[in-house]
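Reader: Hi! I would love a close look at one part of this structure, the salt bridges and the charged side chains around them. Could you walk me through them?

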Amino acid sequence: MAVATPLTEKTDEQKAITEMVRQFVDEQILPNAEHYDHEDEFPGPIVDQMKELGLFGVTIPEEYGGMGLDLTTYTMIVEELSRGWISISGVVNTHFIGSYLLMKFGTDEQKERFLPRMATGEIRAAFSLSEPELGSDVQAIKTNAKKGDDGKWEINGQKMWVTNGLMSGLVFLLVKTDLQADPPYKGMTCFITEKEPGASENSGEWAGLTVPPKIKKMGYKGVESTELIYDGYRCPPENVLGGEEAGVGQGFIQMMDALEVGRVNVAARGVGIAQRALELALRYSQERKTFGKPIAQHQAIQFKLADMATQVEAARLLTLRAARLKDAGERSDLEAGMAKLFASEAGRFCVEESFRIHGGYGYSKEYEIERLYRDAPLLLIGEGTSEIQRMVIGKKLLQRHKI
Ligand SMILES: Cc1cc2nc3c(=O)[nH]c(=O)nc-3n(C[C@H](O)[C@H](O)[C@H](O)COP(=O)(O)OP(=O)(O)OC[C@H]3O[C@@H](n4cnc5c(N)ncnc54)[C@H](O)[C@@H]3O)c2cc1C
């Protein structure tokens with residue numbers, strides 16, 4: 001008799017790797033996150049350990065030096081990292097999207113050039129669509145590239161909100177290469193722009209790329225978000241994602257494909273932060289007493305815990321389902337949108353409920369929930385806001401159920 005496998009069941013390999021990551025989070029991230037968050041400092045020593053653990057190459061094939069694991073396993077890892085601190089998953093996430101783009105669309109030469117160094121974390125990748133005047137409306141980008149007589153593409157324009165914008169060595173950059181294209185998405189191309197990690201002013205072959213000081217943010221500290229100014233930056237034709245012949249004009253389609261896995265990734269971050277908020281609430285509510293008993297013994301508090309735990313579980317199931325469909329090669333656009341929408345809202349909900357359970361102490365920087373309260377809203381925005389997810393879900397629903 002066939003027995004269905006529960007969605008949350010892990011293979012032995014998944015158990016081993018998530019237990020390893022959980023231990024790393026408990027020992028290295030949770031005790032140190034407060035310091036890096038308060039100082040808004042890049043968590044260099046933690047990132048170095050992540051390199052040693054191979055966490056920058058989780059999904060990169062073994063032939064390029066990575067672990068060759070699937071999206072489902074990666075999702076489980078991201079949940080664990082985000083349970084520790086979503087900024088740590090932020091250091092990996094755009095890198096994961098960049099490696100996905102290379103694996104799916106890159107030429108053999110591009111894969112050989114970049115993936116081995118990406119697998120070790122020697123170079124990290126950023127992913128850049130947004131500009132000062134747009135985020136949701138990607139087809140409205142203004143950054144553009146024009147081919148010069150020497151064959152190189154000259155890129156001009158300003159990008160915004162680039163996670164890992166300073167410390168990355170590669171930026172997967174969406175630009176317009178045909179300003180007249182109608183619809184505009186047909187005139188967009190993805191360039192792999194190389195830069196010097198940590199340099200605000202690039203020089204030599206990478207001259208023309210400036211990284212202004214990092215944007216000051218409410219939360220999601222430690223990992224930098226920056227603007228990028230391309231002013232006469234010259235990109236060689238071999239850095240058009242997929243090669244010049246196949247890649248020019250394909251950038252929008254490539255980036256939207258990558259956003260689909262990016263959404264599963266953000267959903268996993270929502271599960272992780274919701275899980276942590278629940279853990280903190282379970283602990284605090286059994287320690288804190290009011291009216292002669294632990295607050296966990298008041299039904300109103302138990303109801304909050306019940307709603308939080310239910311949201312965490314539902315978010316996890318949606319996220320794993322979207323990841324598993326993608327791994328099985330099936331359509332997962334609708335499911336990725338649902339997972340992202342539900343899990344990011346669950347993250348915000350659980351953090352707020354946990355914050356309320358902490359009473360006045362939740363407002364103090366001495367308590368971890370204060371950081372989570374500032375971090376959680378990012379997940380409602382990145383990789384498409386909740387409004388945009390609903391638009392994606394609605395559109396896909398109508399496509400699948402056309403009468
Ligand atoms: C910390 C941080 C890190 C980020 N990292 C990156 C990164 O690495 N790379 C990158 O490219 N971008 C990144 N972003 C940008 C992010 O993807 C955008 O902020 C997001 O897509 C929203 O775009 P916007 O801010 O321009 O808002 P807008 O698009 O201006 O939207 C404003 C509001 O209008 C709503 N809205 C927009 N259009 C519609 C519509 N048609 N119908 C209904 N409502 C609508 C939105 O939901 C939102 O509520 C990051 C942002 C932040 C805050």
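**Salt bridges and charged groups**

Author: Happy to! E244 and K147 make a salt bridge, with 2.7 Å between the closest N and O atoms. E244 belongs to helix α6 (residues 244–247) and K147 to strand β2 (residues 144–147), so this pair ties together parts that are 97 residues apart in sequence. As for their surroundings, E244 is partly exposed, with a relative accessible area of 27%, and K147 also counts as partly exposed, at 41%. Please keep in mind that this is a predicted model.

Another pair to look at is R83 with D26, a salt bridge whose closest N and O atoms are 3.1 Å apart. Here, too, distant parts of the chain are linked: R83 sits in helix α3 (residues 71–84) and D26 in helix α1 (residues 12–39), 57 residues apart. What is the relative accessible area of R83, and is the residue buried or exposed? R83 has a relative accessible area of 6%, and because buried means under 20%, R83 is buried. Its partner D26 is partly exposed, with a relative accessible area of 35%.

For a pair within one helix, turn to E345 and R348, whose salt bridge has its closest N and O atoms 3.3 Å apart. These residues are three apart in helix α9 (residues 333–357), which means that about one helical turn separates them. E345 counts as partly exposed at 24% relative accessibility, and R348 counts as partly exposed at 31%. Returning to D26 and R83, salt bridges with shared partners join these two with R276, E279, E368, R371 and D375 into one network. The count of salt bridges comes to 33.

Some charged residues gather in another way. E63, D108, E109, E112 and E238 form a patch of negative charge on the surface. One of them, E112, is found in helix α5 (residues 108–120), and E112 counts as exposed because its relative accessibility is 53%.

Finally, here is the setting for these side chains. The protein chain has 11 helices and nine strands, and 54% of its 403 residues count as buried. Along the principal axes, the C-alpha atoms fill a box of roughly 80 × 55 × 40 Å. The radius of gyration of the protein chain is 22 Å, which agrees with the value near 22 Å for a compact globule with 403 residues.

Key:
Residues numbered from 1 in each chain as written. Predicted model: local features only at pLDDT ≥ 70, side-chain atom pairs only at ≥ 80, totals over all residues. Heavy atoms only, no water. Patch = residues over 30% accessible without salt bridge, like charges linked within 9 Å, V, L, I, M, F, W, Y side chains within 5 Å. Areas by Shrake-Rupley, 256 points an atom, 1.4 Å probe, with all protein chains shown as cover. Salt bridge = Lys/Arg side-chain N within 4 Å of Asp/Glu carboxyl O. Lys, Arg positive; Asp, Glu negative; His and termini not counted. Charge placed at Lys NZ, Arg CZ, Asp CG, Glu CD. Helix = DSSP H or I, 4+ residues; strand = E, 2+ residues; numbered from the N terminus. Buried < 20%, exposed > 50% of the residue type's maximum accessible area, 1.4 Å probe, protein only. Rg over C-alpha atoms; globule rule 2.2 N^0.38 Å.
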